[in-house]
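Visitor: Could you take me through one part of this protein closely? I would like to look at a sheet and the pieces around it.

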Amino acid sequence: MQINPSHQAPVSAAPIVVSVQGESPARAREAANQLALEYGNYRDAVGLILVVGETSAWLELEGVKVTVKFDSAAMQHRRKGGHNEMLGRAVGLKADRKPLIWDATGGLGRDAFVLADLGCEVTLCERVPVLAWLLDQAVQAAAVSGIDQVRGAAERISVLAGDSKTLRAPAGTVIYLDPMFPERKKAAAVKKEAVMLQHLADQVDDGESLWQWAWEQPVERIVVKRPLRAPILGHIRPSHTLKGKSVRFDVFTRRLERS
Ligand SMILES: C[S@@+](CC[C@H](N)C(=O)[O-])C[C@H]1O[C@@H](n2cnc3c(N)ncnc32)[C@H](O)[C@@H]1O
């Protein structure tokens, strides 16, 4: 994982790192060092904690646990869903064309993993350091998974820690944006994850400035995931939109002069 230290995200809730009870604390201490976070004791820790074991790690807040695990049953189920096919079409995936994806809002890496599973090379950037760390650990774990397809997808994912807006997306990539959106009614499990993400960040993501950044990059396709009825990002109508049950993908395409 590459860290962009001058642009660490301002987080409102820096977690305390604790080790899984009964397991060696070495990996938890190493994570605390790497992330410059306090190392504590599970029993005394209050609020948000990053629990790190020998082979597992998760965020925990008031009994709610969030982890990134690409070979979980939930992810295996997800790869069979119609949502994946729509995401693939949104980024312009064809049988003979696997676009390079620049995912500027990494989150829990689920969309990135789906795209990598579909055969795309994906660079994923996450500004909250502890999430970037979890993503990086999940990619490393997936790289030695017993499931061939998970290993294959992991080989196509790279994680960057930092603010996407400080980086330049390489020419020819497809930029993917999925900024956090204030939650309304949603399935309880999804809501819990969203609450955790919002707890970690200092604010709901500024989708408009991310879109503006994306528009300034040398790319010909930008895909924005939005709740179905949310307003579009930016000041330009999408070239086309793909609609699912609760989300849609706004696709912006253009031709750039090549020098
Ligand atoms: C809704 S989540 C993305 C979920 C992701 N698509 C998935 O499938 O798990 C949005 C994430 O974007 C991150 N984010 C927002 N602005 C960012 C920026 N400027 N640079 C990097 N990450 C950013 C937030 O910290 C949050 O984790």
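Guide: Happy to, and let's begin with a helix: H1, residues 26-35, lies across E2 and E3, running at about 165° to E2. Please keep in mind that this is a predicted model. The sheet beneath our discussion is an open one of 4 strands, ordered E2-E3-E4-E5, with mixed pairing. Its edge strands are E2 (16-19) and E5 (64-66), each of which pairs on one side only. From one strand to the next, the twist averages 30°.

Now to the pair that H1 lies across, E2 and E3. Strand E3 covers residues 49-52 and runs parallel to E2, with 4 bridges joining them. Within this pair, Val17 stands opposite Leu50 in E3.

Two loop residues deserve a look at their backbone angles. Most residues other than glycine have a negative phi. Ala36, in the loop between H1 and E3, has a positive phi near 55°. Ala36 counts as exposed because it has 10 C-beta neighbours inside 10 Å, and the cut-off for exposed is 12 or fewer. Glu62 sits in the loop between strand E4 (57-61) and E5, and its phi is also positive, at about 45°. Glu62 is exposed too, because 11 other C-beta atoms lie within 10 Å.

For the wider setting, the protein has 8 helices and 12 strands. Of its 259 residues, 36% are buried. Among contacts between residues at least 6 apart in sequence, 65% join residues at least 24 apart.

Definitions and conventions:
Residues numbered from 1 in each chain as written. Predicted model: local features only at pLDDT ≥ 70, side-chain atom pairs only at ≥ 80, totals over all residues. Pairing = 2+ DSSP bridges. Axes fitted to C-alpha atoms, helices over the stretch in contact; angles between N-to-C directions. Contact = placed C-beta atoms within 7 Å. Buried ≥ 20, exposed ≤ 12 C-beta atoms within 10 Å, placed from the backbone.
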